[in-house]
Amino acid sequence: MASDVNLTVCADPAELAETAAHLIVDAATEAVRERGRFMLCLAGGETPRATYARLALPAFSERMRWDRTWVFFGDERAVPPDHSESNYRMAYETLLSRVPIPPAQIFRMCAEHADADGAAAAYAAALAEALGTRRGELPRFDVVLLGLGVDGHTASLFPGSPVLREVFRTVAAVHVAAAQIPQRLTLTFPVLNAAARIVFLVTGSEKAKIVRTVLSEPARLPAAFARPTDGELVWLTDRAAAALHPIGEAR
Ligand code: 6PG
């Protein structure tokens, strides 16, 4: 069944980070209990930084079965892993270097590779193998974290890009002319929407307009295409980001 939006408006970015960390620990506990492992896809950008830092704290981290957790990325910019614009670096510094996850269970996107299509295909193959995907099936993440750009992009799925119509590939190389780092790798909607749960993390007043548009005019902007076909769609925002949405206005 197609997902309905479940919107939670948090008081501020700190409360959002706390809420997201709880959600991740609960989803991980359930996934490990039911399937013996937890498949997590991380978001890039700045917003998730606080959530990752929270998850690394003992109160959360000690409740995670890191030995049963596999970590992937929704997108990556074409920079080496130690670059300040690297999504991997942000996640590594805030979370992955601070918790006892086996390094072999962290799947960095090598977006800096000269053969971008080859790197996308390699990531797709790694994803399918790690998630035990059978031929003709799509990998199913337990949780996919996503961010929202002010133009309505999510992951590296930008308005007007042909990759929005992708139906076969789970990972694609894209060129985003307007972005500071134009060359990127991104997961595509077929694999994002095969997830058991998509969780948007959105904070700040500069996102208020786009939050209202994405949630009230579905199917116009990339972020609105992120709707699990058989799963749950969760939006976590702070009050500032929800200020122009009817729920946020009522607060
Ligand atoms: C990226 C992203 C991107 C990001 C949004 C929001 O690598 O650029 O994954 O989709 O999530 O642009 O970014 P902020 O959280 O920095 O606002």
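User: Let's start small: in which helix is S61 found?
Analyst: Bear in mind that this is a predicted model. Look at the stretch made of residues 58–61, and you'll see S61 sitting in it. That stretch is helix α3.

User: And is S61 buried or exposed?
Analyst: Its contacts, leaving aside neighbours within four places in sequence, are L55, A56, W66, V99 and P100. The relative accessibility of S61 comes to 9%. The cut-off for burial is under 20%, so S61 counts as buried.

User: Moving on to the sheets, in what order do the 6 strands of the open sheet come?
Analyst: The pairing in this sheet is parallel, and the twist averages 20 degrees from one strand to the next. Reading across the sheet, the order is β1-β9-β8-β5-β2-β3.

User: Which strands stand at the edges there, each with a single partner strand?
Analyst: Start from the order β1-β9-β8-β5-β2-β3 and look at its two ends. A strand there has a single partner, so one side of it is left without a neighbour in the sheet. The two edge strands are β1 (5–10) and β3 (69–73).

User: Which residue in β3 stands opposite F38?
Analyst: Strand β2 covers residues 38–42, and 5 bridges join it to β3, with the two running parallel. Across from F38, in β3, you'll find T69.

User: What angle does the direction of helix α1 make with that of β9?
Analyst: Helix α1 takes in residues 13–35 and packs on the sheet. It touches β1, β2, β5 (143–146), β8 (197–202) and β9 (232–238). Its direction and that of β9 make an angle of about 155 degrees.

User: Over to helix α7: which of its residues are buried?
Analyst: Helix α7 runs through residues 208–216. What covers its buried residues includes β1, β8, α8 (222–225) and β9. The buried ones are A208, I210, V211, T213, V214 and L215.

User: There's also a sheet of 3 strands; which of them stand at the edges?
Analyst: This open sheet has the order β4-β7-β6, and its pairing is antiparallel. Each edge strand has a single partner, so one side of it has no neighbour in the sheet. Those edge strands are β4 (75–77) and β6 (171–175).

User: What is the bridge partner of D75 in β7?
Analyst: Strand β7 covers residues 183–187, and 3 bridges join β4 to it in an antiparallel run. For D75, the partner in β7 is T186.

User: How many bridges pair β6 and β7?
Analyst: These two strands pair in the antiparallel sense. One of the pairs to look for is H175, which stands opposite Q183 in β7. The number of bridges is 5.

User: How many of the 5 residues of β6 are buried?
Analyst: Helix α5 (residues 116–130) packs on this sheet, touching both β6 and β7. Strand β6 is largely enclosed by the rest of the structure. The number of its residues that are buried is 4.

User: What about N87: what is its relative accessible area?
Analyst: N87 has its place in helix α4, residues 87–94. Leaving aside neighbours within four places in sequence, it is in contact with G44, G45, F73, D75, E76 and R77. N87 is buried, with a relative accessible area of 3%.

User: How far does the backbone nitrogen of G45 lie from a polar atom of the N87 side chain?
Analyst: G45 is among the residues in contact with N87. The cut-off for a polar contact is within 3.5 Å. Here the distance is 3.2 Å.

User: Now the ligand: which residues around it come nearest?
Analyst: There are 15 residues around the ligand. One of the nearest is H153, with a polar side-chain atom that lies 2.7 Å from a ligand oxygen. The full set of nearest residues is T47, D75, H153, A155 and K207.

User: And how much of the ligand's accessible area does the protein cover?
Analyst: A ligand oxygen is 3.4 Å from a polar backbone atom of G44, and one is 3.3 Å from a side-chain N or O atom of R184. On its own, the ligand has 420 Å² of accessible area. Of that, the protein covers 87%.

Note on methods:
Residues are numbered from 1 along each chain as its sequence is written. This is a predicted model: local features need pLDDT of at least 70, side-chain atom pairs count only at pLDDT 80 or more; totals for chains, interfaces and linings use all residues. Side-chain values use heavy atoms; hydrogens and water are left out. Two strands pair if DSSP finds at least two bridges between them. Axes are lines fitted to C-alpha atoms, for helices over the stretch in contact, and angles run from 0 to 180 degrees between N-to-C directions. Contact means heavy atoms within 4.5 Å. Buried means under 20% relative accessible area, exposed over 50%, partly exposed in between (1.4 Å probe, protein chains only). A residue is near a molecule or strand if one of its heavy atoms lies within 4 Å of it. A polar contact is a pair of N or O atoms within 3.5 Å; within protein, one must be able to donate a hydrogen and the other to accept it, and residues adjacent in sequence count only if both atoms are side-chain atoms. Accessible areas come from the Shrake-Rupley method with a 1.4 Å probe; for residues, only the protein chains shown count as cover.
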